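Please read these points with the sequence and the model open beside you. They are meant to be checked one at a time.

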Amino acid sequence: MAPYATGTTTPHTIDHHITNGVDVKASEITVLVSSRAVVEQTLTPATIVISTTTGKVTSVTRSIVPEYSFPPGTPYVDHSPAVLLPGLVDAHVHLNEPGRTEWEGFWTGTRAAAFGGVTTVVDMPLNAIPPTTTVAGLKEKIEAAQGKCWVDVGFYGGIIPGNVGELKGLVEGGVRGFKGFMIDSGVEEFPAVSSQDIALVFQELKDSPTTVMFHAEMIPPISASVGDDVQVSLPPLEPSGPLDLYQTFLDSRPSSFEYYAILEIIALSEIAPDLPLHVVHLSAVEAIDMLREARSRGVKITAETCYHYLSLAAENIQKGDTRHKCCPPIRSQSNQDGLWDELHADDSVLKTIVSDHSPCTPNLKLLPSHVPGSVATSKAACNGSTDSTGDFFSAWGGISSVGLGLGVLWTEIARRQLDPDTALLNVVRWCCVNTALQVGLEDSKGALREGFDGDVAVFDPDEEWAVGESTMLFRNKCSPYQGKVLKGVVKETWVRGARVHAREGGFERKVPTGRLLLEPRTKR
């Protein structure tokens with residue numbers, strides 16, 4: 001066996017297959033090499049050796065070790081000039097199984113992830129029935145996932161009013177963190193939490209190895225709300241114009257919703273000063289200074305943003321194109337520019353970029369017939385007579401994008417003419433290293449490192465491709481990216497040393513081999 005499979009760093013030919021007293025056959029390793037790889041936040045030539053028995057990286061050498069240095073028959077692929085990246089960790093995905101598998105499911109959602117170089121997804125606790133708010137619900141989720149996952153899958157627990165007694169059991173059951181809504185979630189089985197509920201959660205989890213995350217939108221204390229209950233938001237503010245105009249929807253969920261919610265989280269954080277807190281899918285740049293100030297005072301709070309907030313802008317959303325509806329909403333081009341500025345700031349509060357893949361059946365999007373992905377819908381009445389097609393207020397809110405994210409992000413990087421070498425390092429930091437850290441997987445995921453899982457995305461940053469039905473592998477082919485040409489192709493996706501998907505050959509295995517990541521967290 002080549003010495004690189006056991007940790008030595010000097011290249012030489014192997015005359016005998018016994019190394020350091022261990023007899024290792026060619027079939028027990030796979031070798032991936034390239035003139036470019038992201039290793040420990042540097043771009044370097046690299047040779048990655050992965051054990052086919054454990055799925056772990058056994059050595060990383062910062063040079064291209066020639067094929068003859070390994071035992072005859074060793075699987076050896078030189079991917080130059082494509083870039084070897086750690087497999088992406090998408091820490092925000094709604095897979096919706098069990099209960100709403102017509103929206104998505106483990107089989108289709110994880111295949112879509114693999115297509116885009118995502119080797120680990122973490123499933124959100126809502127939109128499945130039952131939600132993952134009890135230990136029993138987690139067990140149902142685990143049972144539903146068996147034998148259906150093409151990549152590795154972790155789970156979040158949910159926080160809702162009255163389930164505080166379930167939280168420590170969910171931690172012991174292996175959830176990677178918790179999520180709660182501070183405004184109506186859109187599904188009745190996952191109600192929003194009040195400040196009193198949050199206080200109880202913080203008290204219960206203050207010493208637990210977990211992270212508590214929030215959908216941070218909240219109707220400000222004084223507003224033009226159609227109701228007085230801050231838990232309800234359909235719609236939260238009175239419409240300012242026609243319901244099929246995106247600006248009307250955007251006006252109904254202003255940045256102040258995010259600002260006040262985050263202010264409340266920070267105020268409550270003193271209950272559990274050592275508990276990591278996280279804001280999911282931040283869209284409003286106005287909240288960034290507040291988060292930075294809180295962090296400067298020692299508050300343990302971070303935030304993520306999403307591919308859609310970094311690539312789509314309100315000014316470009318056409319009348320009735322509800323594929324773009326999500327909450328918080330896609331905001332202005334200047335807001336998008338501010339998010340990019342913050343991502344590149346020193347000690348940015350935006351640590352991660354995720355998909356927030358939140359699909360539904362196309363009919364729930366109420367798309368007009370001229371919009372790709374539309375289906376014939378019955379005329380849902382508004383006030384008894386008006387067709388709701390194209391209605392941003394009535395349509396389901398969520399962007400379908402799992403597996404598209406790397407291409408979306410790289411296309412925007414190219415549009416902004418950012419330095420590609422630096423951008424590769426940033427992408428790994430945002431989408432691999434920090435997402436793994438966020439969910440307590442920093443010792444096994446997110447890096448090309450000895451002892452880590454052999455998760456690799458082989459990325460061609462120059463090739464372009466079109467988003468269409470054949471490249472959207474999630475269940476329902478309805479996405480705002482449909483028809484767009486993206487830059488950057490994932491040529492192959494490897495999970496724990498096994499090639500799961502190749503752009504040219506598709507899925508080579510007939511049976512998925514992704515694992516459920518249920519080992520309880522030990523670190524915060």
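The notes below cover a sheet, some aromatic rings, two cysteines and a pocket.

1. The model is predicted, not determined by experiment. Please keep this in mind for every value that follows.

2. Start with the sheet. It is open and has 6 strands, paired in parallel, in the order β11-β12-β13-β14-β15-β16. Strands β11 (157–158) and β16 (350–354) are at the edges; each has a single partner strand, so one side of each has no neighbour in the sheet. As general background, strands of a sheet pair through backbone hydrogen bonds, either parallel or antiparallel.

3. Look next at how β16 is held in the sheet. Strand β15 (residues 301–306) runs parallel to β16, and 4 bridges join the two. Within this pairing, Cys306 is opposite Val354 of β16.

4. The aromatic pairs number 15. One of them, Phe249 with Phe392, is stacked, with 6.4 Å from centre to centre and 20° between the planes. The two residues are 143 apart in the chain: Phe249 belongs to helix α5 (residues 246–252), while Phe392 is in the loop between β18 (386–387) and α10 (405–415). Both rings belong to buried residues, as the relative accessible area is 2% for Phe249 and 0% for Phe392.

5. A second pair makes a useful contrast. The ring planes of Tyr259 and Tyr260 are at 75° and their centres 5.9 Å apart, so this pair is edge-to-face. Here the residues are partly exposed, with relative accessible areas of 33% for Tyr259 and 34% for Tyr260.

6. Phe249 and Phe392 also belong to a cluster. Ring pairs link these two residues with Tyr246 and Phe393.

7. How many disulfides does the structure hold? The count is 0. In general, a disulfide is a covalent bond between the sulfur atoms of two cysteines. Why is Cys432 not bonded to Cys431? The sulfur of Cys431 is the closest cysteine sulfur to that of Cys432, but the distance is 6.2 Å, which is too far for a bond; a disulfide needs the two sulfur atoms within 2.5 Å. Cys431 is buried at 1% relative accessible area, and Cys432 is buried at 1% as well.

8. Last, the second largest pocket, which has a space of about 420 Å³. It is lined by 21 residues, and those closest to its centre are Arg176, Gly440, Leu441, Ser444 and Glu519. By type, the lining has 12 charged, 5 nonpolar and 4 polar residues.

Notes. Residues numbered from 1 in each chain as written. Predicted model: local features only at pLDDT ≥ 70, side-chain atom pairs only at ≥ 80, totals over all residues. Heavy atoms only, no water. 1 Å grid on protein atoms, 1.4 Å probe; cavity = no way out; pocket = protein on both sides within 12 Å on 5 of 7 lines; lining within 4 Å. Points joined across faces, edges and corners; volume = space filled by probe spheres on them. Nonpolar A, V, L, I, M, F, W, Y, C, P; charged D, E, K, R; others polar. Buried < 20%, exposed > 50% of the residue type's maximum accessible area, 1.4 Å probe, protein only. Pairing = 2+ DSSP bridges. Phe/Tyr/Trp six-rings, centres within 6.5 Å; stacked < 30°, edge-to-face > 60°.
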